[in-house]
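Biologist: I have just opened a new structure and would love some help reading it. Could you walk me through it, one feature at a time?

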Amino acid sequence: ARRILVPAGMVLIHKGARDTGLTLLLEGEVDVYSGPGSDARHLNTLGPGGWLGEISLIEDAPASAEVRARTNVRALLISRAHFQRFLETHDAAALRIWRLFAQSLAERVRALSA
């Protein structure tokens with residue numbers, strides 16, 4: 001993982017970007033939006049311990065949301081290539097990670113359906 005610092009107001013993930021990797025939030029908060037425009041719908045706010053970008057680890061597809069730092073953010077960034085290498089060499093950890101991703105995605109779908 002690589003450490004990143006993002007000032008408040010800056011975009012961490014641009015909707016449509018590819019290979020954004022997984023970002024694990026250590027400090028600060030981010031807002032997740034349906035897109036980049038002023039009419040974008042606010043989808044979620046994440047803080048320390050939260051993560052985003054997991055879909056880019058699962059498939060090589062464009063980012064589905066825009067993510068902006070609400071406050072100054074300190075985070076870890078894991079690229080898709082590094083993640084894939086880790087999964088190939090750590091079977092038990094890979095299974096736990098996939099379960100966490102599935103649970104997180106299910107929670108997000110339920111939240112959007114409410």
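Modeller: Gladly; we will go from the overall fold to the sheet and then to a few single residues. Please keep in mind that this is a predicted model.

Biologist: Let's begin with the secondary structure. How many helices and strands are there?

Modeller: A good habit is to count the elements and then read their order along the chain. Here the protein has three helices and eight strands. Starting at the N terminus, the order is β-β-β-β-β-β-α-β-β-α-α.

Biologist: What does the radius of gyration say about the overall form?

Modeller: The idea is to compare the value with what a compact globule of that length would have. For 114 residues that would be near 13 Å, and the protein has 14 Å, so the two agree. Along the principal axes, the C-alpha atoms fill a box of roughly 45 × 35 × 25 Å.

Biologist: And what share of the residues is buried?

Modeller: A residue is called buried when its relative accessible area is under 20%. In the protein, 34% of the 114 residues are buried. The accessible surface comes to about 7000 Å², and carbon and sulfur atoms account for 56% of that surface.

Biologist: How are the charges spread?

Modeller: Count each sign, then compare the centres of the two sets. There are 14 positive and 12 negative side chains, with the two centres 2 Å apart.

Biologist: Which strands form the open sheet, and in what order?

Modeller: For a sheet, follow the pairing from strand to strand rather than the numbering. Four strands make up this open sheet, ordered β1-β8-β3-β6 with antiparallel pairing. Its edges are β1 (2-6) and β6, each of which pairs on one side only.

Biologist: What does β3 pair with?

Modeller: Look at the bridges for each partner in turn. Strand β3 (residues 22-27) runs antiparallel to strand β8 (residues 73-78), and five bridges join them. Within that pairing, Glu27 is opposite Arg74, while Leu25 is opposite Ala75. Strand β3 also pairs with strand β6 (residues 51-52) in the antiparallel sense, over two bridges. There, Leu24 has Trp51 as its bridge partner.

Biologist: How much of the contact network links distant parts of the sequence?

Modeller: Take the contacts with a sequence separation of 6 or more and ask what part of them spans a longer stretch. In the protein, 73% of those contacts are between residues 24 or more positions apart.

Biologist: Could you show me that with one residue? Where does Gly16 lie?

Modeller: Gly16 is in the loop between β2 (11-13) and β3. Its C-alpha atom is 8.2 Å from that of Ala61, although 45 residues separate them along the chain. Beyond neighbours within four places in sequence, Gly16 is in contact with Pro62 and Ala63. Gly16 counts as partly exposed because its relative accessibility is 41%, between the 20% and 50% cut-offs.

Biologist: Is Glu54 buried or exposed?

Modeller: Check the number rather than guessing from the residue type. Glu54 has a relative accessible area of 1%, so it is buried. Glu54 sits in helix α1 (residues 54-58). Leaving out residues up to four places away in sequence, Glu54 touches Leu22, Phe101, Ser104, Leu105 and Arg108.

Biologist: One last example: in which helix is Ala81?

Modeller: Ala81 belongs to helix α2 (residues 80-89). With 41% relative accessibility, Ala81 counts as partly exposed. Ala81 and Val30 are 51 residues apart in sequence, and their C-alpha atoms are 24 Å apart in space.

How values were computed. Residues are numbered from 1 along each chain as its sequence is written. This is a predicted model: local features need pLDDT of at least 70, side-chain atom pairs count only at pLDDT 80 or more; totals for chains, interfaces and linings use all residues. Side-chain values use heavy atoms; hydrogens and water are left out. The radius of gyration is taken over C-alpha atoms; the globule rule is 2.2 Å times the number of residues to the power 0.38. Buried means under 20% relative accessible area, exposed over 50%, partly exposed in between (1.4 Å probe, protein chains only). Contact means heavy atoms within 4.5 Å. Accessible areas come from the Shrake-Rupley method with a 1.4 Å probe; for residues, only the protein chains shown count as cover. Lys and Arg count as positive and Asp and Glu as negative; His and the chain ends are not counted. The place of a charge is taken as NZ of Lys, CZ of Arg, CG of Asp or CD of Glu. Two strands pair if DSSP finds at least two bridges between them.
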